[in-house]
Amino acid sequence: MRRIVLTFVILFISALGLQSFENPVWSDEFVVVLDAGHGGKDSGKYYNGLKESDIALAITLKIGAHLEKQPKVKVIYTRDTDVFVNLYERGAIANRADADLFVSIHCNAHTSQAHGAETFVLGLHANKQNLEVAKKENEVIFLEEDYEENYAGYDPNSPESFIGLTLMQEEYLDQSIMLASLVQNNLVNQLGRKDRSVKQAGFIVLHQSYMPSVLIETGFITNKQEGAYLNSNKGKTEMAKSISEAIMSYKKSILLATQDSQDPEITEKEIETAIATTEENIYDGVTFKVQLAASSKELELQPYNFKGLRELSRSKEGNLYKYYYGETSDYNKILLMKAFAQEKGYASCYIVAFKDGKKQKLSTIIKSN
Ligand SMILES: [Zn+2]
């Protein structure tokens, strides 16, 4: 727990530059919007008597029951009965509540015996499998009467139609990914679910909210064992416990960060400790670096040229030298290093990823994992 908390403290501090003090993070109550997928005339996936909308609702209510027992946590449901709520309204509920988190609960389905849990954050769904998952979840808009007005410009078959739409969630991407990682870790390590990992895709329901947001595909109702597990009281109870614990880990870190914010200075030693104790998140064959600066000048790779940072490297692209900090295939480590570089004054530094020596879009790497 401690190591995850430390990670969050640092991530949070790194985000301070972007956050205003009106941010709900600073208010006394931690507001979680729980979104049970589908409902009413939209049953979601249906297989062999198993109904996604029912399973999602049952798990969601159990998550809420856990969270409501915690001090200073407020739970808001987008639905707590079997009713239809359109996707547009779900995000609006979270925005009106000025919520700290939006968590959407779903079940997957496939023609194969695929199984496992996966957690999504909003992004471009260039990956075909992710696009398929998002398309199925988005289809519900066609049951909405005024969908053409509410989702102008959305083409379910085009990944590109999300390019403009993803911008709103970009600001929360780090936090969303970390929450998603906590959820995924718990489902895999506590419950032994197969790890289908944290992914990005264009879910309309995630695009509507202005706060860290994740969508959890708890498992496949089309898989014989997993479907039975999800439909059982044991399965729903265990799922709910794991997910609510992940949410509480996230909350704790935010709280700590608030208390520490009078003195947000991070030392190199703290970063090193955090890196040493944070769980690894390795992307095979990928090298992450923090890009600090680009310049036409060739600078010596010495700490005094880079505000005291070590582990420096340089590449030449055209007429420009690019300067990097850190080199690792561990995504969690590079997130921490980015936070440290920002702390040192590289406010607009960012993470770059290389595969086979070539620079790749970070979102592509996360999606294709
Ligand atoms: Zn669904």
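These legends go with close-up views of the predicted model.

Local features here need pLDDT of at least 70 and side-chain atom pairs need 80 or more, whereas totals for chains, interfaces and linings take in all residues. Numbering starts from 1 along each chain as its sequence is written, and side-chain values rest on heavy atoms, with hydrogens and water left out.

**View 1. The zinc ion and its protein donors.** His38 (NE2), Glu52 (OE), His106 (ND1) and Glu137, which is listed with OE twice, sit 2.0 to 2.5 Å from the zinc ion. Donors here are N, O and S atoms within 2.8 Å of the metal (3.2 Å for Na, K and Ca); water is not among the atoms, so a site may look incomplete. Read along the sequence, the donor residues follow the spacing H-x13-E-x53-H-x30-E. His38 comes from the loop between strand E1 (30-36) and strand E2 (46-47), and His106 from strand E5 (residues 101-108), so the pair ties together parts 68 residues apart in sequence. Helices (H or I, at least four residues) and strands (E, at least two) are DSSP runs numbered from the N terminus. Both His38 and His106 are buried, meaning under 20% relative accessible area (exposed is over 50%, partly exposed in between; 1.4 Å probe, protein chains only).

**View 2. Helix H2, end to end.** With 17 residues (52-68) at 1.5 Å a residue, H2 should span 24 Å, and its end C-alpha atoms are indeed 24 Å apart. That expected span is 1.5 Å times one less than the number of residues. The buried residues of H2 include Glu52, Ile55, Leu57, Ile63 and Leu67. Ala56 also lies in this helix, and counts as buried at 0% relative accessibility. Between Ala56 and His38 there are 8.2 Å, C-alpha to C-alpha, and they are 18 residues apart in sequence.

**View 3. Two cysteines, and where they sit.** Cys107 is buried at 0% relative accessibility. Cys349 is buried too, with a relative accessible area of 5%. Searching the whole structure for disulfides (a pair of cysteine sulfur atoms within 2.5 Å) turns up zero.
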